[in-house]
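Here's a walk through a protein model, taken one region at a time. Keep the viewer open and click along as you read.

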Amino acid sequence: MIELPAGQVAAGHLPHVCPRHGEPAIEMKRMRLVSKPPPWAAVLIVLGGIVYAIVVMVLRKTVQAAAFPWCAQCKAARSRNLGIGFGVLALGLLLIVGGIATIDGDAGPMLFLLGLVVLIVGIVVASRSNFQVISGAYVSQDGQRVELTKVDPRFTHALQYGRV
Ligand SMILES: [Zn+2]
């Protein structure tokens with residue numbers, strides 16, 4: 001993992017190299033980066049999802065990156081996750097509709113439940129197409145730095161030798 005000052009990321013002073021894949025950037029994207037929920041916040045889930053959601057939102061630090069490197073592999077990963085996610089989602093909906101149509105039969109309720117599970121899997125996969133999830137860049141808990149969780153050596157090299 002490497003850390004960059006939040007100001008540098010916000011200003012877009014980054015090499016035109018994808019941090020995650022090390023490939024040349026095809027685009028420098030405006031990207032809203034946020035921090036991960038602090039690990040201790042998970043205990044709040046017992047108080048209810050809404051309490052957790054509020055606390056996480058209040059504590060969330062945001063960095064608006066003016067120009068974040070985005071490469072061909074990032075793009076491919078995004079469309080793949082979106083495609084699979086929505087495909088699975090559609091299948092889930094189909095199962096739910098099928099389940100409701102045959103709810104009086106033996107298989108109907110099972111189809112309905114299966115449809116719900118498939119729907120959730122679809123949502124999870126589709127959410128993995130998020131720009132930030134693909135970049136693996138997260139704002140630190142104090143909001144001062146941006147942490148890159150998966151870094152290709154080519155990005156580190158470009159950063160060190162100033163091809164910014
Ligand atoms: Zn990439």
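**A tour from the metal outwards**

Let's begin with two residues to click on: His-21 is buried, and Cys-71 is buried too. Bear in mind that you're looking at a predicted model, not an experimental one.

What do those two residues hold on to? Both are donors to the zinc ion: His-21 offers its ND1 and Cys-71 its SG, while Cys-18 and Cys-74 each add an SG, with the donors lying 2.1 to 2.3 Å from the metal. Along the chain, the donors follow the spacing C-x2-H-x49-C-x2-C. His-21 belongs to the loop between α1 (6-11) and β2 (25-34), whereas Cys-71 is in strand β3 (residues 62-71), so this pair ties together parts that are 50 residues apart in sequence.

As for the geometry, the 4 donor atoms subtend angles of 103 to 117 degrees around the zinc ion, and that makes the arrangement tetrahedral. For reference, the ideal angle for four tetrahedral donors is 109.5 degrees.

While you're in the loop between α1 and β2, have a look at Pro-19. Pro-19 has a relative accessible area of 2%, so it counts as buried. Its C-alpha atom is separated by 13 Å from that of Gln-160, which sits 141 residues away along the chain.

Now go back to strand β3 for some aromatic chemistry. The structure holds 1 aromatic pair. Trp-70 and Phe-131 make it up, in an edge-to-face arrangement with 5.0 Å centre to centre and 75 degrees between the planes. Trp-70 is in strand β3 and Phe-131 in helix α5 (residues 131-135), so the pair ties together parts that are 61 residues apart in sequence. Are the two partners buried or exposed? Trp-70 is buried, at 2% relative accessible area, while Phe-131 counts as partly exposed, at 28%.

Phe-131 has another contact worth a click: the charged end of Arg-78 sits over its ring, 4.2 Å from the centre. Elsewhere, Lys-36 lies over the face of Tyr-138, at 4.5 Å from the ring centre.

Next up is helix α4 (residues 108-127). With 20 residues at 1.5 Å each, α4 should span 28 Å, and its end C-alpha atoms are 29 Å apart, which agrees. Which residues of α4 are buried? They are Gly-108, Gly-115, Val-118, Leu-119, Gly-122 and Ala-126. These residues cover an arc of only 115 degrees around the axis, so they sit on the same side of α4. An α-helix has 3.6 residues a turn, so residues three or four places apart point the same way. Rotate to the face turned away from the buried side of α4 and you'll find the exposed residues Met-110, Leu-113, Val-117 and Ile-120.

Two more loops round off the tour. In the loop between β2 and α2 (49-59) you'll meet Ser-35, which is buried, with a relative accessible area of 5%. The C-alpha atoms of Ser-35 and Ile-134 are separated by 15 Å, and the two residues are 99 residues apart along the chain.

Then there's Lys-61, in the loop between α2 and β3. At 29% relative accessible area, Lys-61 is partly exposed. Its C-alpha atom is separated by 9.6 Å from that of Pro-37, 24 residues apart along the chain.

Terms used. Residues are numbered from 1 along each chain as its sequence is written. This is a predicted model: local features need pLDDT of at least 70, side-chain atom pairs count only at pLDDT 80 or more; totals for chains, interfaces and linings use all residues. Side-chain values use heavy atoms; hydrogens and water are left out. Donors are N, O and S atoms within 2.8 Å of the metal (3.2 Å for Na, K and Ca); water is not among the atoms, so sites may look incomplete. Four donors count as tetrahedral if all angles lie between 85 and 135 degrees; four count as square planar and six as octahedral if opposite donors are over 155 degrees apart and all others between 65 and 115; anything else is irregular. Helices (H or I, at least four residues) and strands (E, at least two) are DSSP runs, numbered from the N terminus. Buried means under 20% relative accessible area, exposed over 50%, partly exposed in between (1.4 Å probe, protein chains only). Rings of Phe, Tyr and Trp (its six-membered ring) pair if their centres lie within 6.5 Å; planes under 30 degrees apart count as stacked, over 60 as edge-to-face and the rest as tilted. A charge sits over a ring if NZ of Lys or CZ of Arg is within 6 Å of the ring centre and within 35 degrees of the ring normal. The expected span of a helix is 1.5 Å times one less than its number of residues. The arc is that of the directions from the helix axis to the C-beta atoms.
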